[in-house]
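Welcome! Let's take a walk through this structure together, with the ligand as our guide.

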Amino acid sequence: MSDAAQPLNDRLTPGLYLVATPIGNLGDITMRAVDILSRCDAVACEDTRVTGKLLKHLGISKPLWRYDDHSEHRDRSRLIESIRTRAVALVSDAGTPMISDPGYRLVNDCRAEGIPVTSLPGACAAVVGLTLSGLPNDRFLFAGFLPVKDKARRETLTELSATNATLVFYETGPRLLKSLKALGEVLPEREIAVAREITKLHEECRRGLSDGLMAYYDANPPKGEIVLLVGPPQDHAPSDADADQMLRDAMQTMKASQAAGQVAKATGLDRKALYARAMEIKTE
Ligand code: SAM
């Protein structure tokens with residue numbers, strides 16, 4: 001099912017409409033999302049207060065039904081029965097439903113029951129973080145949130161270490177330092193990007209190796225929402241341009257000699273040559 005052929009102002013065909021919403025900047029709502037939210041019969045959401053605010057901002061008033069994948073089977077069955085005869089939009093608090101958010105079970109069950117489902121593209125922090133980071137994006141693996149416990153976190157990183165792709169994680173401010181520490185232990189040579197508060201007033205994207213980023217965020221405790229990205233394994237020495245970039249990143253938080261030592265450790269390049277280059281970069 002798609003709404004593409006459904007005339008504007010007409011009632012929508014009954015079914016489930018997956019609607020992405022902004023991840024910070026309200027300007028990122030799509031015209032199609034506004035149209036579907038305006039014309040649907042009800043909105044299923046994670047938190048009625050959060051979605052209520054968004055709809056109010058858009059001047060839309062709809063019945064709001066709370067939904068999460070852990071809801072009782074009976075509640076989901078009731079929702080599915082409603083979707084048979086109504087157009088229901090599913091939104092999460094922010095971003096694309098189901099990406100580390102509820103919805104999977106609902107979509108799976110709707111498909112199994114032959115209920116029409118369509119998905120509207122829109123903001124997703126993982127994708128925006130990837131494009132913002134400048135890390136290789138020809139192959140990437142989104143792995144949601146890292147486990148909370150130290151041992152499980154290290155095990156997950158070890159399991160992913162051989163994956164030939166940029167790794168993308170969701171992260172929170174209070175846990176960032178622990179994750180950077182684990183990355184330093186398991187993948188010390190990998191370039192990391194921390195994309196914080198994407199699309200918001202204090203958006204920043206900081207790149208470096210784990211030691212440098214730990215030093216920075218230790219001194220500047222990170223606030224807000226974070227996408228943590230880890231570059232792919234390098235099976236060859238980095239290009240001169242890549243090595244220069246690593247030195248520049250490292251020198252944001254440490255002296256040239258320390259930066260050279262860290263980049264040498266990460267890349268296997270000669271420490272003295274890196275130090276000489278770091279001094280050149282400093283005077284550029
Ligand atoms: N479904 C959402 C999406 O499509 O991006 C993600 C929901 S998940 C519960 C929330 C996590 O997404 C946050 O903890 C953070 O890691 C990431 N996130 C959401 N908004 C973000 C933003 N504006 N900047 C950076 N990370 C963000």
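A good place to begin is E225: an N or O atom in the side chain of E225 lies 3.2 Å from a nitrogen atom of the ligand. Keep in mind as you look that this is a predicted model. Right next in the sequence you will find I226, where a backbone N or O atom is 2.6 Å from an oxygen atom of the ligand. Y170 joins in with its side chain, placing an N or O atom 2.8 Å from a ligand oxygen. On its own, the ligand has 570 Å² of accessible area, and the protein covers 91% of that.

Now step back a little and look at the surroundings. The ligand sits in the largest pocket, with 19 residues around the ligand. Those that come nearest are T96, D101, A125, Y170 and I226. Sorted by class, this shell holds 11 nonpolar residues, five charged ones and three polar ones.

Where in the fold do these residues come from? Two strands, β7 (166-172) and β10 (225-230), each supply at least two residues of the shell. With three residues, β10 gives the most.

Finally, try viewing the protein by domain. Domain 1 (3-123) and domain 2 (124-233) each contribute at least three residues to the shell around the ligand.

Key:
Residues numbered from 1 in each chain as written. Predicted model: local features only at pLDDT ≥ 70, side-chain atom pairs only at ≥ 80, totals over all residues. Heavy atoms only, no water. Near = heavy atom within 4 Å. Polar contact = N/O pair within 3.5 Å; in protein donor to acceptor, adjacent residues only side chain to side chain. Areas by Shrake-Rupley, 256 points an atom, 1.4 Å probe, with all protein chains shown as cover. 1 Å grid on protein atoms, 1.4 Å probe; cavity = no way out; pocket = protein on both sides within 12 Å on 5 of 7 lines; lining within 4 Å. Sits in = over half its atoms within 2 Å of the grid points. Helix = DSSP H or I, 4+ residues; strand = E, 2+ residues; numbered from the N terminus. Nonpolar A, V, L, I, M, F, W, Y, C, P; charged D, E, K, R; others polar. Domains from an automatic or database assignment.
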